[in-house]
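Me: I'm new to this one and would love a friendly walk through its side-chain contacts. Could you show it to me?

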Amino acid sequence: MIEMLTVDFMQRALIAALLVGTVAPMVGIFLVQRRLSLIGDGMGHVALAGVAIGLVTGSAPVLTALAAAVVAAIVIELLRAKGRTNGDVALAVIFYGGIAAGVVIISKSPDGTPANLMKYLFGSILTTQRGDLYVFAGLALVIAVTTWALRPRLFAVANDEEYARAVGLPVLPLNLVLAVLTATTVVVAMRVVGLLLISALMIVPNAAGQLVARSFSGGLRWAIAIGLVSSVGGVALSYPLNTPSGGTIVLLAVALFVVMAVVTGVAARARGRQHAVAETHAHEHGIECGHPAVTHGDHVDYLHDGHLHAAHEGHYDEHGDHDHPSPAPAEQSGTPGGEAAAASSSTSTGTTR
């Protein structure tokens, strides 16, 4: 690890991975909300044409790729908003046309070798130069600041365009901003993850974050954390393993998603087993029902036929066989302590006990 940090190209790659891992999930969360999970992949196809133009003309490939991706993003959003053609058809024509143009144009470049094409498609840590790093840092800062400043409005539009329009939000300009942010993120990530894999880093961390988060803000924080672990960890692992950085990053993100899915699934099953509904009773349990009351955490169970029951929204939950100590006198009598316990039981919510 120490040796890796002393290598110049690995230092640049780790910094680039840090930038990408932060901003890609920030933009991707709105694409997930709009069910446009694969649009980043399509933007990568168009950006390849920009890279090819830069190689042929001797211009900076990063800037020409950015220009091509931004123009394509704006055109796609305008076509979708006007509704003059099917959205999927418009995306397919532009995306496939972009990658086809990129392959043809790059073949005319002096640097148009298959190896040169592969490093843009799937990423290569060796291609991140110091000048590129400055450009990536500037673009990442713009993405982060814009996304954070507009996140309530972008979320409103992504969640329900009609409602956002009804309350006076500028829907089309906000959609254009999101499209441009997506195109910019693709270009920022192309040297580290690759144009064909960047969509995974925008979507998979958000998919994993949604498994454990309980709010939009929480999901965003989880997605950024997972994106950082995946991108920086993937680049770090690719060095000793001698594997492509882009593929290693994506595989690590997918592995984290699988682990989180399994853990949350097991936890959900465990909670479900603890929340079995008991049989219907002909009477309601209470402090004078004749069944002992037993304190159980933050509520009260009633011992009935050897089983513990707790009131919950019109029925009684089964809490297993009686394995608690004998109830205290205050819990069986009409004392204030017993009444408070009974009130706690009658107002119990659906939390897992």
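Reply: Here are some questions and answers about this predicted model.

Me: Which residues form one aromatic cluster here?

Reply: A search of the whole structure finds two aromatic pairs. Phe30 and Phe216 make up a tilted pair, with 5.7 Å between centres and 45 degrees between planes. The rings of Phe155 and Phe216 are also tilted, at 4.5 Å and 45 degrees. Phe216 appears in each pair, and the cluster is Phe30, Phe155 and Phe216.

Me: How many residues apart in sequence are Phe155 and Phe216?

Reply: Let's place each ring on its helix. Phe155 belongs to helix α7 (residues 130-159) and Phe216 to helix α11, so this pair ties together parts of the chain whose separation is 61 residues.

Me: Is Phe30 buried or exposed?

Reply: Phe30 is in helix α2 (residues 8-33). A residue counts as buried when its relative accessible area is under 20%. Phe30 has 1% relative accessibility, so the word for it is buried.

Me: What is the distance from the charged end of Arg151 to the centre of the ring of Trp148?

Reply: For a charge to sit over a ring, the CZ atom of Arg has to be within 6 Å of the ring centre, and there is also a limit on the angle. Arg151 has its charged end over the ring of Trp148, and the distance to the centre is 3.8 Å.

Me: Which parts of the chain does the salt bridge of Glu77 and Arg34 link?

Reply: The side chains of these two residues meet with N to O at 3.7 Å. Glu77 is buried at 5% relative accessible area, and Arg34 is buried at 14%. They are 43 residues apart, and the parts linked are helix α4 (residues 61-82) and the loop between α2 and α3.

Me: Which residues are linked in a network of salt bridges?

Reply: Glu161 pairs with Arg165, their closest N and O atoms being 3.9 Å apart. Glu162 meets Arg165 as well, at 3.3 Å. Glu162 and Arg165 are three residues apart in helix α8, so about one helical turn separates them. The network is made of Glu161, Glu162 and Arg165.

Me: What is the phi of Asn242 near?

Reply: Most residues other than glycine have a negative phi. Asn242 lies in the loop between α11 and α12, and is exposed with a relative accessible area of 70%. Its phi is positive, near 55 degrees.

How values were computed
Residues are numbered from 1 along each chain as its sequence is written. This is a predicted model: local features need pLDDT of at least 70, side-chain atom pairs count only at pLDDT 80 or more; totals for chains, interfaces and linings use all residues. Side-chain values use heavy atoms; hydrogens and water are left out. Rings of Phe, Tyr and Trp (its six-membered ring) pair if their centres lie within 6.5 Å; planes under 30 degrees apart count as stacked, over 60 as edge-to-face and the rest as tilted. Helices (H or I, at least four residues) and strands (E, at least two) are DSSP runs, numbered from the N terminus. Buried means under 20% relative accessible area, exposed over 50%, partly exposed in between (1.4 Å probe, protein chains only). A charge sits over a ring if NZ of Lys or CZ of Arg is within 6 Å of the ring centre and within 35 degrees of the ring normal. A salt bridge is a side-chain nitrogen of Lys or Arg within 4 Å of a carboxyl oxygen of Asp or Glu.
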